[in-house]
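The following exercises concern a single protein chain. Please work through each task before reading its solution.

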Amino acid sequence: GVVVALALDAAGVDRDVIVSDYAATGERVDAILDRLLASETYRGELEGSDPRIHDPHPEVMERFFELVDAHLGGSVRWLSTHGLSGEDLERLRRRLSARPPAAASC
């Protein structure tokens, strides 16, 4: 969720939309955990844990953004400091804000 949130924020997606999307993943937590529990890679780590600890809480993502802004200079700055080039950022923005082309008017 954090990686996706950083990418969406850097692409200019409204933070309220990002937080809402993050919270909506709660509808899929059980299915995701079932799939992970079926995998030998994750089973040992997840077996016996309370599945509710994985529920997304909107206030956690809101606080995450506050901390990223206050301590890291925002998503774009942090990603750029860690290797995201201007070209990469532009590509990310095009990809994550892609809209179908408007119909040509005659």
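A residue is called buried under 20% relative accessible area, exposed over 50% and partly exposed in between, using a 1.4 Å probe and protein chains only. The model is predicted: local features need pLDDT of at least 70, side-chain atom pairs count only at pLDDT 80 or more, and totals for chains, interfaces and linings use all residues. Residues are numbered from 1 along each chain as its sequence is written, and side-chain values use heavy atoms, with hydrogens and water left out.

**Exercise 1.** Classify Phe65 as buried or exposed, and describe its aromatic pairing.

*Solution.* The relative accessible area of Phe65 is 3%, so Phe65 is buried. For the pairing, rings of Phe, Tyr and Trp (its six-membered ring) pair if their centres lie within 6.5 Å; planes under 30 degrees apart count as stacked, over 60 as edge-to-face and the rest as tilted. One aromatic pair results from this rule. Phe64 and Phe65 form this tilted pair, with 5.7 Å from centre to centre and 55° between the planes.

**Exercise 2.** Determine where Ser75 lies and which residues Ser75 touches.

*Solution.* Helices are DSSP runs (H or I, at least four residues), numbered from the N terminus. Ser75 belongs to helix H6, residues 75–81. Because its relative accessibility is 2%, Ser75 counts as buried. With contact meaning heavy atoms within 4.5 Å, and residues up to four places away in sequence not counted, Ser75 touches Leu6, Asp9, Ala10, Arg15, Phe65 and Val68.

**Exercise 3.** State what share of the 106 residues in the chain is buried.

*Solution.* Buried residues account for 21% of the 106 residues.

Terms used. Helices (H or I, at least four residues) and strands (E, at least two) are DSSP runs, numbered from the N terminus.
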